Amino acid sequence: MNMNASAVHKISSHPRWVATMYEFVAPHWDNLVNGPWAESIASTRLSVQEMQGWILHIYPFIYDFPKFLAEALIKVEDDFSRTFLIENIRIEKAHAEHWLWMGEGFGLDRQQMLDLAEGGTPPLRDVQSLTDWVWRVNTKGSLAEAVAATSFAIEGVTGAIARKVCAGFEAYRDKPGVDMNPRTYKWIREHSHYDDEHPKFALEIVKHYAITPRMQRQVMYAAKRSLELLHLALVTSTQTLPAKATSAGFSREAA
Ligand SMILES: [Fe+2]
């Protein structure tokens with residue numbers, strides 16, 4: 001995203017508790033970026049069906065993402081945070097469309113993805129947990145918790161994962177059933193480049209609003225919970241092949 005130049009000047013040095021937060025979330029962050037799930041895409045080892053699994057089942061969360069940010073926007077009291085969230089909502093709406101393009105490139109049906117996001121078919125339990133958590137923290141949590149859970153943790157780790165898997169993802173161009181065109185890799189490429197700044201600006205907002213030790217602890221827990229639930233959602237969705245979850249209205253995986 002492009003915040004205005006004066007916003008960039010607001011980047012400040014980190015207080016001590018931020019280092020503690022990085023240490024606290026590090027194992028969960030590392031599990032996502034360097035664990036078996038990301039490794040299996042980075043080395044193009046997941047089957048095309050497994051790729052379809054996570055692209056389909058995570059889509060409801062991607063579809064809802066701008067709405068989470070809109071809930072946090074209600075809480076803001078300063079222009080920096082307001083600009084960040086408004087801009088981010090606009091960008092994330094476009095990214096939800098790019099996710100559909102990614103799915104189409106891997107042979108998924110656009111309508112199948114939309115049906116899942118719009119409630120026509122039930123989302124996976126672990127994707128529901130992730131979505132409910134991020135929804136709850138954005139509506140009921142403090143602004144610091146909301147931004148830590150959403151833009152710092154989820155968007156931050158997403159950028160790191162995208163950078164990790166980008167080449168392996170594009171190597172699926174050689175697999176039958178995959179059409180690796182510029183629309184297919186747009187989501188991954190964009191997240192490995194320009195989402196870089198979101199977590200940095202998000203951290204500035206968190207630092208501005210988390211002013212008591214109690215709030216700072218809550219922020220750490222919120223970031224950690226997002227990373228834990230994202231990991232579960234990615235692993236489960238990869239193991240749930242699209243046909244199984246959508247062929248029957250009451251599939252066990254979807255219950
Ligand atoms: Fe995004």
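Me: Let's say two residues are in contact when their C-beta atoms, placed from the backbone, lie within 7 Å. In this predicted model, what does S40 touch, not counting residues up to four places away in sequence?

Reply: On that cut-off, S40 touches R45 and L46. S40 itself sits in helix α3, residues 36–42.

Me: What makes S40 count as partly exposed?

Reply: It's a head count. S40 has 17 C-beta neighbours inside 10 Å. Buried takes 20 or more, and exposed takes 12 or fewer. The 17 neighbours of S40 fall in between, so partly exposed it is.

Me: And how far is S40 from F169, in sequence and in space?

Reply: They're 129 residues apart in sequence and 9.8 Å apart in space, C-alpha to C-alpha. F169 belongs to α8, and it's one of the residues there that meet α9.

Me: Why are α8 and α9 called oblique to each other?

Reply: Their axes cross at roughly 135°. Roughly perpendicular covers 65 to 115 degrees, and roughly antiparallel starts over 145. The value of roughly 135° fits neither, so the pair is oblique. The axes also come within 7 Å, and the crossing is left-handed.

Me: Which residues meet where α8 and α9 pass each other?

Reply: From α8 you get T158, G159, A162, R163, C166, F169 and E170. On the α9 side they meet Y185, I188, R189, H191 and S192.

Me: What does α8 bring to the largest nonpolar core?

Reply: The largest share of that core, 15 residues, comes from α8, residues 143–170. The core has 71 residues, and those touching the most other members are Y59, V147, A148, V157, V206 and A223. Take A148: beyond its neighbours within four places in sequence, A148 contacts A153, V206, V219, A222 and A223.

Me: How do you know that the buried residues of α6 sit on the same side of the helix?

Reply: The buried ones are M113, L116 and A117. They cover an arc of only 100° around the axis, which puts them on the same side of α6. That fits the helix rule: with 3.6 residues a turn, residues three or four places apart point the same way.

Me: What covers the buried residues of α6, and what does G119 do just after the helix?

Reply: The cover includes α4 (48–73) and α5 (79–105). Just past α6, G119 takes a positive phi of about 90°.

Me: Zooming out, how many helices and strands are there?

Reply: Twelve helices and zero strands. Of the 255 residues, 44% count as buried.

Notes: Residues are numbered from 1 along each chain as its sequence is written. This is a predicted model: local features need pLDDT of at least 70, side-chain atom pairs count only at pLDDT 80 or more; totals for chains, interfaces and linings use all residues. Helices (H or I, at least four residues) and strands (E, at least two) are DSSP runs, numbered from the N terminus. The arc is that of the directions from the helix axis to the C-beta atoms. A nonpolar core is a set of buried Ala, Val, Leu, Ile, Met, Phe, Trp, Tyr and Cys residues joined through C-beta atoms within 7 Å. Axes are lines fitted to C-alpha atoms, for helices over the stretch in contact, and angles run from 0 to 180 degrees between N-to-C directions. Angles under 35 degrees count as roughly parallel, over 145 as roughly antiparallel, 65 to 115 as roughly perpendicular and the rest as oblique. A crossing is left-handed if the near helix is turned anticlockwise from the far one by less than a right angle, and right-handed if clockwise.
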